[in-house]
Amino acid sequence: MTTPPISSSVAAMGQALGPAILGAVQDLYRAEQDEFAVAQPVSVADVAYGDDPRQRLDLYAPIDAVGPVPILLWVHGGGFVRGEKRSDAHPFNAHVGRWAARSGMLGAVMNYRLAPEHVWPAGGEDVGAAIDWLRTHAAAQGGDPLRIVVMGTSAGAVHVATMLRLRPDAAGACGAVLLSGLYGFTDLDDRDTAYYGEAALYPERSPREAVVATDLPLLVACAEFDPPRFQREFAALLAARLAMHDRMPRALVVAGHNHFSLACHIGGADTQLADAVLAFVQDVCTATNGRIA
């Protein structure tokens, strides 16, 4: 669980979003994550998985792993218009790759094309392209191309869900983790028209039907202090999955966290989400005839 001082600080922020809240959350976890950055540097940086300058990813390989290991592909958030896999301005994405490596996986942390220059379905296309690159090349870094789990937060979760729309068979992935995404159960926010186009297009462009119908194993999560819209999307997705499949996917509401800390704390002292993700990866990779090294 979260340590009391951090949990209290996050709770005091309430359900608000915005740069000030993001900065405050990053400050809570910066010292802890900076230690891990020193211990687990990037193994291979700025690999091109496409022709656009934004189509780049970093790899974090486990130390002394034996045999091919599962691959965890991380897709950052940023409201469709911002975000960076590894930079001083966006320090809390590389940490997921580091955590993956410390946990016996090959961590892959990707950038993708951003709106408004690149609109729907560019993000979902880029997730698919990154998976294709990993399938072809990750073995050279010790990764198992048959055991790829893709994980995204906020806009990144939407891009993962959009990949499922573009690839109904989820080609190349054996599981997906969706954190606080907006899948199409609620109305489009005006600020997201930069990616989706006018609101009238949203029903036909949202990944709602794909994420409900997919047979790919899912782990779905939201934060205790996520804004109401994100919580409604989470609850509606679970209900829709139950109605279609007669069972819900793995799911959890992560206690003591808000929209930003849900991703920022991964790999730190609070392991409630990390433990759930690791167990999910273990199970879907076992089903694919392998185990975490």
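**Overall fold and packing**

With 293 residues, the protein chain would be expected to have a radius of gyration near 19 Å as a compact globule, and its 17 Å agrees with that (taken over C-alpha atoms; the globule rule is 2.2 Å times the number of residues to the power 0.38). This is a predicted model, so local features need pLDDT of at least 70 and side-chain atom pairs count only at pLDDT 80 or more, while totals for chains, interfaces and linings use all residues. Numbering runs from 1 along each chain as its sequence is written, and side-chain values use heavy atoms, with hydrogens and water left out.

The chain has 11 helices and eight strands (DSSP runs, H or I of at least four residues for helices and E of at least two for strands, numbered from the N terminus). Buried residues, meaning those under 20% relative accessible area with a 1.4 Å probe and protein chains only, make up 57% of the 293.

In the largest nonpolar core (buried Ala, Val, Leu, Ile, Met, Phe, Trp, Tyr and Cys joined through side-chain atoms within 4.5 Å), there are 55 residues, and Met110, Leu134, Val150 and Val211 touch the most other members. Helix α5 (residues 155-166) chips in the largest share, seven residues. A second, separate core of 30 residues includes Val149, Leu179, Leu252 and Phe280.

Helix α3 (residues 94-102) is mostly covered, with eight of its nine residues buried. Contact here means heavy atoms within 4.5 Å, and the cover over those buried residues includes α2, β2, β3, β4, α10 and α11. Just after α3, Gly104 takes a positive phi of about 90°.

Key: Buried means under 20% relative accessible area, exposed over 50%, partly exposed in between (1.4 Å probe, protein chains only).
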